[in-house]
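This report describes the architecture of a two-chain model, moving from the overall make-up of each chain to selected details of packing and backbone geometry. Please keep the sequence and the coordinates at hand while reading.

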Amino acid sequence: MNTIALNTLKARTQTLNKRIFGENTQLGALGLLAFVLLWESVSRSGWINPVMLPAPSVVVRSAVDLIASGELIRHVLSSLWRAFLGFAIGSLLGLLLGVAMARLPRLHGFLNPLVQIFRAIPSLAFVPLAIFWFGIGEISKIVLIAFGVFFPVWVNSYLGTRDTNPLFIRAAASLGARGWRMLIFLIMPSAFPFIIAGVRIALGSALVLLVASELTGAQFGVGYLIQLSQQVFRVDHMFVGLITLGLLGFLFDYAFVCGLRKFLPWYGAENSHAAGTH
Amino acid sequence: MTSEAALIAFTPTEDDSASRFGQLFPNHSPSQRAKDGRIGTPKRTYRRTSPDTATARTVAETECPLIECRDLAHTYHTRLGTQITAIADITLSIDASEFVCLLGPSGCGKTTLLNMIAGFLAPTAGTLRLNGEDICGPDPDRGVVFQDYSLFPWLTVESNIAYGLRMTGMSAARRKAAVGALLDLVGLPHIGAQYPFELSGGMKQRVAIARALATDPSVLLMDEPFAALDALTRESLQRQLLDIKARTQKTILFVTHNISEAIFLASRIVVLSSRPGRIVEDFRPWADFQPRKRTSPEFNRLYERLAQAIGVEGTE
């Protein structure tokens, strides 16, 4: 049992390595190191004002300070909370409406032009309107994130539900699935791969909208930290904010992939596993 | 949407599932079940009851044949508007515990006939009855094994097999017991926790057979289930199917275009002509207790006869 756990841990670390460095770990690490060294030396060379481009060592020290004072954690937590709420609301609505529109042709006919028009407008363009309507409080941010998350989830839920494999439908029908059971136990799970792809895209847009809405005004949040730091000439804090955002985006995606592997082990495996003949 | 809507519109209203799922295999006598201890005890030899006693018993128990097709036809329209008759004038009675192979060239409508019996397609003419009642839509009383792998990829083998039982609302504990017996029956006792993508083609089809048998259907409909497998796997699965047949005494309707498969498996072979499919031969190839050896002269004689009936003489 322990060896199995150890092996999975090892495999996890390996995949994490792979995601960052690709196939060639040493070369990747070398590139990263070269970049940091170049940055450090340019910043210290005196050719550039070090306030404009603080050295990595300075950024790290500022990060430690921000973490120690608890300020960074507060920014991160309020960002995460917003992102989570908006993401949950947006993807739930996208899922429900996508499935409903695929199952009910009349609803699809009624709503489709509307949804398509709204989908064509980049959701970032709604930031000023959302602030005008809902102020700079939590609501405008959550609404914006939900709005941006909604569309990719909706499209994929709709397509996945509409294009259910007819063979599966026949198989389930001959096993007694009807009506809502057919929907819950066949059509929805068979649309999972599509829905998951939509949710993964939505994770990216959630982050973009989170930052955009925080940049325009907030009391806390990583985007707000960057905005504030610009006003007080703390470029090192801006870098801390940027790196934090990069880490968050990476961790979201990584957690998502790990969750998939754990809870839906069949996802993506149909194609990659060529089972031998028995 | 359309296909599913059609299926649902096609749904029979009565539901007698509760009583039907009480026993896994009612044809297995209680005394034998007690002696075996479980239903999946291997019994390697294939025995057939004499057709006379089998017929006598069927007549005594039910007055009508299990499946009855009368003047059955299916016509469909292509997108360009031409009308195509897939099968025509099919009159066929299948008795309980027969193993019928529907044999015919590609495109002769054998799958159409099977799909109509399964309830996926409605006949455009004629009548189609199961146990004296019109077939109108798919039902767990007719288990189906498809040519393409149809196991649900998001479910484990266990959950795939239990799918039909779950639809009836059977408790998890009883489902688990039933699934265990079925996995034993198809000779795959240890793969319950695996996912379909981890299985070979032959294993997938054996699980599909177990899934179709789980609801204890009165007939098992098999649509070229071994066509996608390699020759060795196919022969091994054919032997296993005969074994399953011997142990469950299920009525089987098996569609194939493979002549030797039909000869090896069937207690009765029905040959369909090219489109529109009509019955051109209907006979019982084997005398009782005759071993079915693929290399025997009798096998070759049957092969020649069927090849001629299909019109492909000597080739497969």
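Helices, with at least four residues, and strands, with at least two, are taken here as DSSP runs and numbered from the N terminus. The model is a predicted one. On that basis chain A has 12 helices and zero strands, whereas chain B has 11 helices and 10 strands.

**The two chains**

The table sets out how the two chains stand in burial and in contacts.

| Chain | Residues | Share buried (%) | Contacts with a separation of 6 or more that join residues 24 or more positions apart (%) |
|---|---|---|---|
| Chain A | 278 residues | 32% | 71% |
| Chain B | 316 residues | 42% | 72% |

Along its sequence, chain A follows the pattern α-α-α-α-α-α-α-α-α-α-α-α. One helix pair in chain A may be described in detail: the axes of helix H4 (residues 71-103) and helix H7 (residues 138-162) of chain A come within 6 Å and cross at roughly 35°, and the crossing of H4(A) and H7(A) is right-handed. By class, the contact of H4(A) with H7(A) has 20 nonpolar, eight polar and five charged residues.

**The sheet of chain B**

Chain B contains an open sheet of six strands in the order E6-E7-E8-E3-E9-E10, and the pairing in this sheet is mixed. Strand E6 (142-145) and E10 of chain B stand at the edges with a single partner strand each, so one side of each is left without a neighbour in the sheet. From one strand to the next, the twist averages 15°.

At one edge, E6(B) pairs with strand E7 (residues 219-223) of chain B in the parallel sense over four bridges, and B:Gly143 stands opposite B:Leu220 in E7(B).

Strand E9 (residues 268-272) of chain B is mostly covered, since four of its five residues are buried. Strand E3 (residues 99-103) of chain B runs parallel to E9(B) and is joined to it by four bridges, while E9(B) and strand E10 (residues 279-283) of chain B pair in the antiparallel sense, again over four bridges. B:Val270 of E9(B) takes part in both pairings: B:Leu102 stands opposite B:Val270, and in E10(B) the bridge partner of B:Val270 is B:Asp282. E9(B) and E10(B) form a hairpin, with six residues between them.

**Domains and a covered helix in chain B**

The domain assignment of chain B gives domain 1 (51-141 + 218-316) and domain 2 (153-216). The C-alpha centres of domain 1 and domain 2 of chain B lie 25 Å apart, and 13 residues of domain 1 are in contact with 12 residues of domain 2. On the side of domain 1 of chain B that touches domain 2, the largest share, seven residues, comes from helix H9 (residues 231-248) of chain B. By class, that side of domain 1 has eight nonpolar, four polar and one charged residues.

Helix H6 (residues 157-167) of chain B is mostly covered, with nine of its 11 residues buried; among the buried residues of H6(B) are B:Val157, B:Ile161, B:Leu165, B:Arg166 and B:Met167. What do the buried residues of H6(B) pack against? They pack against helix H9 (179-215) of chain A, together with helix H7 (172-185) and helix H8 (201-214) of chain B. H6(B) is followed by B:Gly169, whose phi is positive, near 85°.

**Positive phi outside glycine**

Most residues other than glycine have a negative phi. Two residues in loops of this model can be set against that background.

A:Phe233 has a positive phi of about 55° although it is not a glycine, and its place is in the loop between helix H10 (222-231) and helix H11 (235-263) of chain A. Is A:Phe233 buried or exposed? A:Phe233 has 11 other C-beta atoms within 10 Å and is therefore exposed, the cut-off for that class being 12 or fewer.

B:Asp216 has a positive phi of about 50° and is likewise not a glycine; B:Asp216 lies in the loop between H8 and E7 of chain B. With 22 C-beta neighbours inside 10 Å, B:Asp216 counts as buried, because a residue is placed in that class at 20 or more.

Methods
Residues are numbered from 1 along each chain as its sequence is written. Chains are lettered from A and ligands numbered from 1 in the order in which they are written. This is a predicted model: local features need pLDDT of at least 70, side-chain atom pairs count only at pLDDT 80 or more; totals for chains, interfaces and linings use all residues. Two strands pair if DSSP finds at least two bridges between them. Two residues are in contact if their C-beta atoms, placed from the backbone, lie within 7 Å. Domain bounds come from an automatic or database domain assignment. Ala, Val, Leu, Ile, Met, Phe, Trp, Tyr, Cys and Pro count as nonpolar, Asp, Glu, Lys and Arg as charged, and the others, Gly among them, as polar. Axes are lines fitted to C-alpha atoms, for helices over the stretch in contact, and angles run from 0 to 180 degrees between N-to-C directions. A crossing is left-handed if the near helix is turned anticlockwise from the far one by less than a right angle, and right-handed if clockwise.
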